[in-house]
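Me: I'm in my first year and still learning to read structures like this one. Could you pick one part of it and take me through that part slowly, along with whatever surrounds it?

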Amino acid sequence: QVQLAESGGGLVQAGGSLRLSCAASGNIFRINDMGWYRQAPGKQRELVAAITSGGTINYVDSVKGRFTISRENAKKTVYLQMNSLQPEDTAVYYCNAAVVPWRNIVARDYWGQGTQVTVSS
């Protein structure tokens with residue numbers, strides 16, 4: 001089994017910053033893509049940022065220049081540094097990882113439990 005443990009959410013004023021962390025543990029041979037998604041009330045879950053095992057990064061347009069995704073492969077951890085936060089960034093943020101378990105060759109998607117980010121105006 002694989003677990004993703006998120007931390008770092010909270011309440012912040014507009015213009016402020018937060019850093020999210022997500023550590024993977026359990027039956028892990030290799031982690032391929034890692035990423036952050038978010039879901040605001042009444043909206044569909046959307047990809048915020050993703051990073052491959054080789055370091056290729058992709059952002060949704062609305063966070064470009066404000067958010068930075070990074071990962072530490074040795075720690076099996078992905079981070080999301082969020083600067084210049086705006087009220088429209090308010091959502092539950094979910095960590096996602098494509099994990100290849102030991103004795104397997106196919107990656108499976110795993111999700112964290114979600115962490116609330118609230119930005120007040």
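Reply: Here is a walk around one strand, its neighbours and a few spots beyond them.

Some ground rules to begin with. This is a predicted model: local features need pLDDT of at least 70, side-chain atom pairs count only at pLDDT 80 or more, and totals for chains, interfaces and linings use all residues. Residues are numbered from 1 along each chain as its sequence is written, and side-chain values use heavy atoms, with hydrogens and water left out.

Our part is strand E8, residues 77–82. The E labels come from DSSP runs: helices (H or I) need at least four residues, strands (E) at least two, and the numbering starts at the N terminus. Is E8 mostly buried or exposed? Five of its six residues are buried, so the strand is largely enclosed by the rest of the structure. Here, buried means under 20% relative accessible area, exposed means over 50%, and partly exposed is in between, using a 1.4 Å probe and protein chains only.

Now for the neighbours. Strands of a sheet pair through backbone hydrogen bonds, either parallel or antiparallel. The rule used here is that two strands pair if DSSP finds at least two bridges between them. E8 is joined to strand E3 (residues 18–26) by six bridges, and the two run antiparallel. Strand E7 (residues 67–72) is also joined to E8 by six bridges, again antiparallel. Try finding Met82 in the picture: Leu18 has Met82 as its bridge partner in E8, and so does Phe67. Another E8 residue to look for is Gln81, which stands opposite Thr68.

How do you get from E7 to E8? They form a hairpin with four residues between them, and in that turn Lys76 has a positive phi of about 55 degrees. Most residues other than glycine have a negative phi, and most peptide bonds are trans. Keep that in mind, as we'll meet two further residues with a positive phi below.

Zoom out a little and you get an open sheet of four strands in the order E1-E3-E8-E7, with antiparallel pairing. Its edge strands are E1 (2–7) and E7, each of which pairs on one side only. Neighbouring strands of this sheet are turned by 15 degrees against each other on average, direction ignored; the axes are lines fitted to C-alpha atoms (for helices over the stretch in contact), and angles run from 0 to 180 degrees between N-to-C directions. Over at the E1 end, six bridges join E1 to E3, antiparallel once more, with Leu4 opposite Ala24 in E3.

E8 matters for the inside picture too, and a bit of background helps. In soluble globular proteins, nonpolar side chains tend to be buried together. A nonpolar core is a set of buried Ala, Val, Leu, Ile, Met, Phe, Trp, Tyr and Cys residues joined through side-chain atoms within 4.5 Å. The largest one here has 31 residues, and Trp36, Phe67, Ile69, Val78, Leu80, Met82 and Tyr93 touch the most other members. Elements giving two or more residues to this core include E8, E7, E3 and E1. The top contributor is E9, with five residues.

What about charges? A salt bridge is a side-chain nitrogen of Lys or Arg within 4 Å of a carboxyl oxygen of Asp or Glu, and the count by this rule is five. One of them is Lys75 with Glu72, at 3.9 Å from N to O; Lys75 is exposed at 53%, whereas Glu72 is partly exposed at 33%. Arg38 and Glu46 make another, at 2.7 Å, and there Arg38 is buried at 6% while Glu46 is partly exposed at 31%.

Finally, follow the chain on from E8. In the loop between E8 and E9 sits Ser84, whose phi is positive, near 50 degrees, and which is partly exposed at 36%. Further along, Arg103 lies in the loop between E9 and strand E10 (108–111). Arg103 has a positive phi of about 65 degrees and is exposed, at 84%.
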